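Let's take a walk through this fold together, one piece at a time. Keep the sequence and the 3D view open side by side as you read.

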Amino acid sequence: MKKTVSIGIDTSNYKTSVAAVDEGGEILFNHQQFLEVKKGERGLRQSEALFQHVQNLPAVLEKLLADHDLRERIGAVSASTKPRPVDGSYMPVFTAGTGYGRALAAALNVPFYSWSHQEGHIEAIRYYSELRDVTPLICFHFSGGTTEALLVKEDLKFEIVGGSKDLAYGQVLDRIGVAMGLDFPCGEAMDKIAMTSIGHPHIFTPIQVKDGYVNLSGIETQGQRALGKYAQTALLDDLFEKLSASIVRMSLQLSEKYQIRNFIYAGGVSCSQYMRNFLVEHLFKDLNIVFGKSELSSDNAIGVGILGGKNVWR
């Protein structure tokens, strides 16, 4: 018997994403399309991003549904309907995926499930990892607009226990990257440049970490002031080192406070090879740390599809 398929839709401020996953965890369809951002801009207004999602989704869904075998096996449709799983969390961009998801579910006569963008990010990593059935654990969600450490409890409820009190790691990278002349989003290009460095001066002061929390506006200001004074490779090497070191300190503080060794790092910023190498080098003796594949760590609809699928795969 062929396995039931679950559809996930995610319309973040960065990507239009649609995925199809079966009950064995096989990813049958995975479309991730960056939204277009004008050169020199540091992102999109919600209205602009929403418009692009509305334009992108019909062609993507047509492509998905052109597979007649897959279409006949769809048992659920899910969408990320808000940024985080808390009351009052809202961003207009998610109404695009929600609307198309509800319409698709109604047309196919299958249930529709709502999840948050953050829950989808975490599940996309957790489901395919050794920590799939492990709780409690701590998951960091690093993205363009979010830096949070989440305590994932036995009932799969989230509690924010750390992160940034001002800018997100992704915002620091994008603001400095755009000022350097790189295309938004800038993280991947900056990571590659930082990885080519063979040494650097101490340009940035260390980021202070207290009880699992940081403030990042200071290092962003330092970066803007340092532009043009240092080679790009040296500047980005030291920037990534200071950001990575703060993640290490946050992780160790939270591990000690909550007596937890299992950590997941999710979100687009966690795709950084520089950061992954740094964290492995400095944490592997003390913590069990898990990263996902890049296509699972960045914005995608796979985790949302899995979460919805669990309701019909039981």
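## A guided walk through the fold

At 41% relative accessibility, aspartate 211 counts as partly exposed, because that value falls between the 20% and 50% cut-offs. This is a predicted model, so the angles and distances here are computed from predicted coordinates. You will find aspartate 211 in the loop between α6 and β9. Its phi is near 55°, a positive value in a residue other than glycine. That is worth a look, since most residues other than glycine have a negative phi.

Asparagine 109 is another residue, not a glycine, with a positive phi, here near 60°. Asparagine 109 sits in the loop between α3 and β5, and with 72% relative accessibility it counts as exposed.

From there, step back into the helix that comes just before asparagine 109. Helix α3 covers residues 94-108, and its 15 residues should span 21 Å at 1.5 Å a residue; the end C-alpha atoms are indeed 21 Å apart, so the two values agree. Which residues of α3 are buried? They are Phe94, Ala96, Gly97, Thr98, Gly101, Leu104 and Ala105. An α-helix has 3.6 residues a turn, so residues three or four places apart point the same way. The buried residues of α3 pack against β1 (5-11), α1 (46-65), β4 (74-82), β5 (112-116) and α4 (117-126).

Now for the strands. One open sheet has five strands in the order β3-β2-β1-β4-β5, with mixed pairing. At its edges stand β3 (27-34) and β5, each with a single partner strand, so one side of each has no neighbour in the sheet. On average, neighbouring strands of this sheet are turned by 20° against each other, direction ignored. Strand β2 (residues 15-22) and β3 run antiparallel and are joined by seven bridges; lysine 15, for instance, has phenylalanine 34 in β3 as its bridge partner. Four residues lie between the strands of this hairpin, where glycine 25 takes a positive phi near 90°.

Two helices lie across this sheet. Helix α1 crosses β1, β2, β3 and β4, running at about 25° to β2. Helix α11 (residues 302-313) lies across β1, β2, β3, β4 and β5, at about 145° to β1. Glycine 303 lies in helix α11, and at 0% relative accessibility it counts as buried. What does glycine 303 touch, leaving aside its neighbours within four places in sequence? It is in contact with Gly120, Glu123 and Ala124. By contrast, the C-alpha atoms of glycine 303 and asparagine 56 are separated by 20 Å, and the two residues are 247 residues apart along the chain.

Those three contacts bring us to α4, where Gly120, Glu123 and Ala124 are among the buried residues. Helix α4 is mostly covered, with nine of its ten residues buried. After α4, the loop leading to β6 holds proline 136, which is joined to threonine 135 by a cis peptide bond with omega of about -5°. A cis peptide bond also joins phenylalanine 184 and proline 185, with omega of about -10°; proline 185 is in the loop between α5 (169-179) and α6 (187-195).

The other sheet to visit is open too: six strands in the order β9-β8-β7-β6-β10-β11, again with mixed pairing. Here β9 (213-214) and β11 (288-291) stand at the edges, each with a single partner strand, so one side of each is left without a neighbour in the sheet. Strand β10 (residues 262-266) pairs with β11 in the parallel sense over four bridges, and phenylalanine 263 stands opposite isoleucine 289 in β11. Helix α4 lies across β6 (137-142), β7 (147-152), β8 (158-164), β10 and β11, running at about 120° to β6. Helix α8 also packs on the sheet, touching β6, β7, β8, β9 and β10, and its direction makes about 155° with that of β6.

Finally, follow α8 to its helix partner. Helix α7 (residues 217-226) and helix α8 (residues 232-258) pack at an angle of about 175°, with their axes 11 Å apart; they are therefore roughly antiparallel to each other. Ile219, Gly223 and Ala226 in α7 meet Leu235, Leu239, Lys242 and Leu243 in α8. The residues of this contact divide into five nonpolar, one polar and one charged.

Key: Residues are numbered from 1 along each chain as its sequence is written. This is a predicted model: local features need pLDDT of at least 70, side-chain atom pairs count only at pLDDT 80 or more; totals for chains, interfaces and linings use all residues. Side-chain values use heavy atoms; hydrogens and water are left out. Helices (H or I, at least four residues) and strands (E, at least two) are DSSP runs, numbered from the N terminus. The expected span of a helix is 1.5 Å times one less than its number of residues. Buried means under 20% relative accessible area, exposed over 50%, partly exposed in between (1.4 Å probe, protein chains only). Contact means heavy atoms within 4.5 Å. Axes are lines fitted to C-alpha atoms, for helices over the stretch in contact, and angles run from 0 to 180 degrees between N-to-C directions. Angles under 35 degrees count as roughly parallel, over 145 as roughly antiparallel, 65 to 115 as roughly perpendicular and the rest as oblique. Ala, Val, Leu, Ile, Met, Phe, Trp, Tyr, Cys and Pro count as nonpolar, Asp, Glu, Lys and Arg as charged, and the others, Gly among them, as polar. Two strands pair if DSSP finds at least two bridges between them.
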